[in-house]
Amino acid sequence: VLRDMSHPDFVLIGESDEKAGRMLWNILALPVPTYYTNFVNAELAKLSINTFLTTKIAFACTMARLAEKLPGADVDTVSNIVGADSRIGRKYLTGANGFGGPCFPRDNQALAQLAYSLGVSPRLPRTVIEENETQIWAINSLACQLAGENKSALVMGMAYKPGTPVTEESQGKRFLEGMKSLTVRWYDPMAKGSLSRDAAQAAIADSGVVILMQPDPDFLDFNYGDTPVIDCWRLLRKKQPKNWHPRGIGRAND
């Protein structure tokens, strides 16, 4: 947040009048494009930006699920090609396990509700929300399949992204809440309530399945042994544990 505040792509100022808008700009004084508009346009633009980004994420996750079914397919290769089109761009086009956190789910819901209240079809933002939910159900199903009779899982990464303790609306938290068939423990280097690092390493060996919910570099240093690993972000692409199950890569033996 601090970096983005000091290095934004642009500044959007929703102003009550021109004088107030210029006073705010004088406080910020950032050498980037600045847009001044009324409160209605500013709020609609803000909701639109986040909903558009989550639409890209949802689309990338759909590409990942398609790639998993096609031997030889790799969603990262496809995303690099699709993202090379200047009309699309590579940012937020990584197929993994969906979006979470305090902003994206909230703003999708807000735009859908706004559309509904104005008599405009809310289908697009609602579809993005539904597609995000399907990512967790797909991971739940695969986790149960791989765990077999062990009936236990270890989630690596409970915060909504690496480098933060925030678990609000995270995909790891959704997995934990939705999983009824397996006993779930979890590790996160920052989130409160986590197993210790040593306990997490020990838990890998006696878990039926491990799920990497984040692309946190911290997870590269663990020994996964023979335990099945669902790698949502293909973090272990170079390491490739013995029982590696990357999402978004189609392999003939899967």
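I began with A29, which counts as partly exposed because its relative accessibility is 45% (buried means under 20% relative accessible area, exposed over 50% and partly exposed in between, with a 1.4 Å probe and protein chains only). A29 is found in the loop between helix 2 (18-28) and strand 2 (34-37), where helices are DSSP runs of H or I of at least four residues and strands are runs of E of at least two, numbered from the N terminus. I noted that phi of A29 is near 50°, a positive value in a residue other than glycine.

I should record that this is a predicted model, in which local features need pLDDT of at least 70 and side-chain atom pairs count only at pLDDT 80 or more, while totals for chains, interfaces and linings use all residues. Residues are numbered from 1 along each chain as its sequence is written, and side-chain values use heavy atoms, with hydrogens and water left out.

I then looked up K151, which is found in the loop between helix 6 and strand 3 and has a phi near 60°, again a positive value in a residue other than glycine. K151 is partly exposed, with a relative accessible area of 46%. I kept in mind that most residues other than glycine have a negative phi.

Next I turned to the interior, and asked which residues touch the most other members of the largest nonpolar core. Of its 19 residues, these are A143, V155, F175, V209, I211 and M213 (a nonpolar core is a set of buried Ala, Val, Leu, Ile, Met, Phe, Trp, Tyr and Cys residues joined through side-chain atoms within 4.5 Å). Helix 6 (123-147), strand 3 (152-156), strand 4 (183-187) and strand 5 (209-212) each supply at least two residues of this core, and the largest share, 5 residues, comes from helix 6.

I followed V155 further: leaving aside its neighbours within four places in sequence, V155 is in contact (heavy atoms within 4.5 Å) with F175, V184, R185, W186, Y187, I211 and M213. Apart from this core lies another, of 16 residues, among them L212, L235, W244 and I249.

Last, I noted the chain as a whole, which has 8 helices and 7 strands. Of its 254 residues, 42% count as buried, and its C-alpha trace spans about 65 × 35 × 35 Å along the principal axes. Residues 24 or more positions apart account for 58% of the contacts with a separation of 6 or more.
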